[in-house]
There are 2 protein chains.
Amino acid sequence: MNYLDNFKNVIADYRTRIDERLSSYLTEETNLISYVNMNGKYPSSLYEPLNHIMSGGGKRIRPLILVLSCETFGGKFEGAVDAAVAVEILHNFTLVHDDIMDNANTRRGKETIHKKWDVSTAILVGDELIGLSYRSLLKTRSRRIDDVVRSFTDGVIEVCEGQAFDKEFETDDNVSMNDYFLMIKKKTAELIRISSVIGSIIADASSEDIKGISTYSQNLGFAFQIQDDLLDVIAVESEFGKKIGGDIHEKKKTYLYLKALELCGNDERKRLIKLYSSNDLRNDTTGDIIDIYMRSGAVESAKAEIKSFTDKANESLSRLKTEDAKHRLRSFSDMLLNRGY
Amino acid sequence: MNYLDNFKNVIADYRTRIDERLSSYLTEETNLISYVNMNGKYPSSLYEPLNHIMSGGGKRIRPLILVLSCETFGGKFEGAVDAAVAVEILHNFTLVHDDIMDNANTRRGKETIHKKWDVSTAILVGDELIGLSYRSLLKTRSRRIDDVVRSFTDGVIEVCEGQAFDKEFETDDNVSMNDYFLMIKKKTAELIRISSVIGSIIADASSEDIKGISTYSQNLGFAFQIQDDLLDVIAVESEFGKKIGGDIHEKKKTYLYLKALELCGNDERKRLIKLYSSNDLRNDTTGDIIDIYMRSGAVESAKAEIKSFTDKANESLSRLKTEDAKHRLRSFSDMLLNRGY
């Protein structure tokens with residue numbers, strides 16, 4: 001078995017163990033059985049939808065990068081797993097609330113909470129997930145627990161700002177590529193970066209080491225989001241778990257849209273702007289828009305950008321002392337880069 | 001000047017200093033000026049509504065009780081004020097999200113965020129307030145900062161469960177008085193109790209002392225919520241800051257409703273149930289319902305209950321070592337008990 005296959009097994013094993021911990025934690029916190037002594041009352045309107053969405057699986061990128069970062073600096077899986085569960089729960093909070101704002105009907109192949117129940121329920125489930133994420137985080141034993149919680153809190157604030165930009169940009173016709181990168185930094189890259197920072201703090205890494213791995217994970221985060229934009233138009237729907245063209249329907253200013261505007265000739269650019277603004281459920285022009293993305297070279301450009309950010313991430317690993325850690329993190333980038341979902 | 005008047009001045013002074021800290025913290029975190037270097041971009045869709053709602057004032061019960069509890073065990077105002085700001089911000093998060101779920105149009109005499117802007121904006125502002133509350137909390141210097149954050153997180157989770165029960169009860173015809181007390185414990189009393197616990201931890205109080213002040217603040221929390229239920233029907237609207245009869249419109253299972261069901265004769269009970277279920281904006285029967293609350297003795301009973309919980313709170317102070325601390329906390333209970341808003 002070659003290195004990458006072996007590494008994939010390690011990751012699969014970690015994913016299983018993270019899922020197990022997540023599942024046992026949620027059982028303990030939210031299952032009916034824990035509430036039998038509470039006046040016979042159980043807030044099922046909160047915990048049934050919460051468990052519905054949390055049982056939907058996920059790629060577990062953030063917890064994995066947290067654990068790998070911890071190990072990179074000599075920490076152990078077991079010491080990092082509660083924090084890993086915390087970043088995964090926090091990520092799920094953002095999904096639940098973003099899905100309301102983005103009118104998304106499905107997530108990981110399941111109905112979203114606000115669709116299956118209602119908006120109030122989805123708001124409350126998201127809020128509760130924030131609370132549960134901090135509670136799991138606080139199980140972590142670290143003499144720098146205050147730094148751990150501070151970084152985590154930075155993550156909460158950054159994703160909110162990122163989501164605000166994302167929504168603002170939907171109705172803003174002057175979004176630049178710079179603006180886009182600011183938005184995805186906050187909305188996506190920061191939580192991935194912070195996951196690696198938290199793992200490193202748990203391993204008691206030096207500030208220089210943390211700086212290095214921050215560069216790695218932030219670049220990976222950029223690559224990851226551009227790939228998400230790309231998958232929104234080229235993925236296979238059953239694997240992607242959400243509707244193809246969702247970004248187009250919500251008039252998101254994605255990498256592809258902004259890049260196509262840059263690359264198109266004048267006439268095609270006008271046509272794209274018109275198609276994008278008129279696109280809705282009654283008048284579906286998603287296919288035409290994707291054609292322009294292909295023809296203009298925006299899709300190719302996205303692929304090159306993903307490759308470039310991944311390379312940048314891998315380059316920042318050069319300062320790492322152990323070859324094994326470098327290997328692992330490089331393999332992790334490769335895995336992410338080659339995902340189809 | 002008598003003791004109570006003097007104490008009122010102390011509280012007014014604390015309130016001013018808490019407001020100043022809250023205001024300077026929010027300016028630092030959310031004002032345009034802090035964002036000039038950020039690509040020229042400022043998430044105004046997030047921070048304008050956030051500052052709109054946060055400039056609406058408030059009674060500052062939770063931060064005051066936090067600071068008073070800290071001082072009770074020898075801590076200083078300055079060491080507790082960042083945590084005090086944190087519990088106030090956290091409280092405001094619950095208001096913003098609850099107002100969406102409860103369809104409230106006004107809060108503290110101002111339009112609610114989801115009315116003035118939209119639901120997405122209000123969701124995001126609430127989320128951001130959680131992040132900002134933790135960030136302020138983490139400015140606290142305490143060797144037991146992990147316990148501080150853990151208690152705070154318990155508060156987040158408890159209010160979510162309380163809100164879930166509150167919403168469930170709207171459509172549940174079998175809510176008992178026991179259920180009601182479980183709900184208001186989680187929705188209101190816990191965050192007040194936890195505020196006093198956090199203040200005490202910052203002062204490095206013993207676990208026995210913390211237990212004592214917990215009993216005080218939790219009972220105060222119960223008194224406070226029953227009074228809130230009462231004010232919903234008897235307050236002067238301009239002082240109350242929200243619409244009179246709001247609980248009735250939302251079919252909340254309040255103390256008054258449940259108590260009136262208990263106290264009424266059979267016919268009147270049936271009439272109340274019918275009025276309550278048929279009450280809406282087209283068919284406003286709020287006045288008739290309030291009449292039943294008065295006639296049945298439910299209003300008198302609420303007043304007696306408020307008095308009883310306040311007495312219980314004050315009794316739990318007997319173990320406190322310093323007379324001055326007892327005096328202050330008793331005066332605080334009296335102030336709360338006699339509020340008209």
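**Entry 1: terms and model**

I start with a definition: helices (H or I, at least four residues) and strands (E, at least two) are DSSP runs, numbered from the N terminus. With that in hand, I found B:Asn103 in the loop between helix 4 and strand 1 (106–107) of chain B.

I remind myself that this is a predicted model, where local features need pLDDT of at least 70, side-chain atom pairs count only at pLDDT 80 or more, and totals for chains, interfaces and linings use all residues. Residues are numbered from 1 along each chain as its sequence is written, while chains are lettered from A and ligands numbered from 1 in the order in which they are written.

**Entry 2: Asn103, in both chains**

What is phi of B:Asn103 near? I read a value near 55°, which is positive in a residue other than glycine. I noted this since most residues other than glycine have a negative phi. B:Asn103 is partly exposed because 13 other C-beta atoms lie within 10 Å. (Buried takes 20 or more other C-beta atoms within 10 Å of the residue's own, exposed 12 or fewer, and partly exposed is in between; C-beta atoms are placed from the backbone.)

Then I looked at A:Asn103, in the loop between helix 4 (77–101) and strand 1 (106–107) of chain A. Phi of A:Asn103 is near 55°, again positive. A:Asn103 has 13 C-beta neighbours inside 10 Å, so it counts as partly exposed.

**Entry 3: chain A as a whole**

I looked up 16 helices and two strands in chain A. Its C-alpha trace spans about 65 × 55 × 40 Å along the principal axes. Of the 341 residues in chain A, 49% are buried.

How sure is the predictor? Chain A averages a pLDDT (the predictor's confidence in each residue, from 0 to 100) of 92, and 95% of the residues score at least 70. Among the elements of chain A, helix 6 (residues 119–137) has the highest mean pLDDT, 98, and helix 10 (residues 237–240) the lowest, 67. For the complex, the predictor gives an ipTM of 0.95 and a pTM of 0.95.

**Entry 4: where the chains touch**

How many residues does each chain bring to the contact? I found 38 residues from chain B and 38 residues from chain A. (Two residues are in contact if their C-beta atoms, placed from the backbone, lie within 7 Å.) On the side of chain B that touches chain A, the elements giving two or more residues include helix 2 (44–54) and helix 8 (177–202) of chain B. Helix 7 of chain B gives the most to that side, with 14 residues.
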